[in-house]
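Q: Could you take me on a close look at the largest pocket of this model? I would like to know what lines it, and how far the prediction can be trusted there.

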Amino acid sequence: MGENVTAKQRLAIASLVATGNVREAAKAAGVAPKTLYTWKTQEGFKAELRAEELRALEEFSRALVSLAELTTQAIRDGLTDESMHVRLRAAGMVLDGILRVRELLTLEERVQELERAYEVA
């Protein structure tokens, strides 16, 4: 973390990322919740909090990716299950996933087009 953040602020940031609870984070840092709310308005604190949240999200993302094969197999199993309810639920999950991937690819393409247009301008 950056040099603009105190040790107490580091404790608060770690607790905020872990719990999402201002009161718990303030307690972990040994400060009043009001102090933590003040810190949350300071640019250095906000930047460090965002950076720590991003690190946590990247770690979570890696954990999810490691489950992809098991998840895919579970959906495959669901598509051939005896229960119509289970098959429909699995099919819905597949369709939702396809639509999300399509949306992300479309957005990525549009962003690339905008970036190219910006570079030309």
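A: Happy to! Let's start with the helix that matters most for the count: α6 gives the most to the lining of the largest pocket, with five residues. This is a predicted model, and α6 covers residues 84-120. Helix α5 joins in as well, since α5 and α6 each supply at least two residues of the lining.

The space in this pocket comes to about 200 Å³. Around the pocket you will find T72, I75, R76, L79, M93, V94, D96, G97 and R100. Sorted by class, the lining holds three charged residues, two polar ones and four nonpolar ones. If you are picking side chains to display, the charged part of the list is R76, D96 and R100, while I75, L79, M93 and V94 make up the nonpolar part. The polar pair is T72 and G97.

Now for confidence. The chain has a mean pLDDT of 94, and 98% of its residues reach 70 or more. Helix α5, residues 68-79, is where confidence is lowest, at a mean of 94. Confidence is highest in helix α2, residues 22-29, at 97. As a general caution, predicted coordinates should not be read in detail where pLDDT is low.

For a view beyond the pocket, turn to α2 and its partner α1, residues 7-19. These two helices pack at an angle of about 145 degrees, their axes 8 Å apart, and their crossing is right-handed. By class, seven nonpolar, two polar and two charged residues form the contact.

Definitions and conventions:
Residues numbered from 1 in each chain as written. Predicted model: local features only at pLDDT ≥ 70, side-chain atom pairs only at ≥ 80, totals over all residues. Heavy atoms only, no water. pLDDT = per-residue confidence, 0-100. Helix = DSSP H or I, 4+ residues; strand = E, 2+ residues; numbered from the N terminus. 1 Å grid on protein atoms, 1.4 Å probe; cavity = no way out; pocket = protein on both sides within 12 Å on 5 of 7 lines; lining within 4 Å. Points joined across faces, edges and corners; volume = space filled by probe spheres on them. Axes fitted to C-alpha atoms, helices over the stretch in contact; angles between N-to-C directions. Left-handed = near helix turned anticlockwise from the far one by under 90°.
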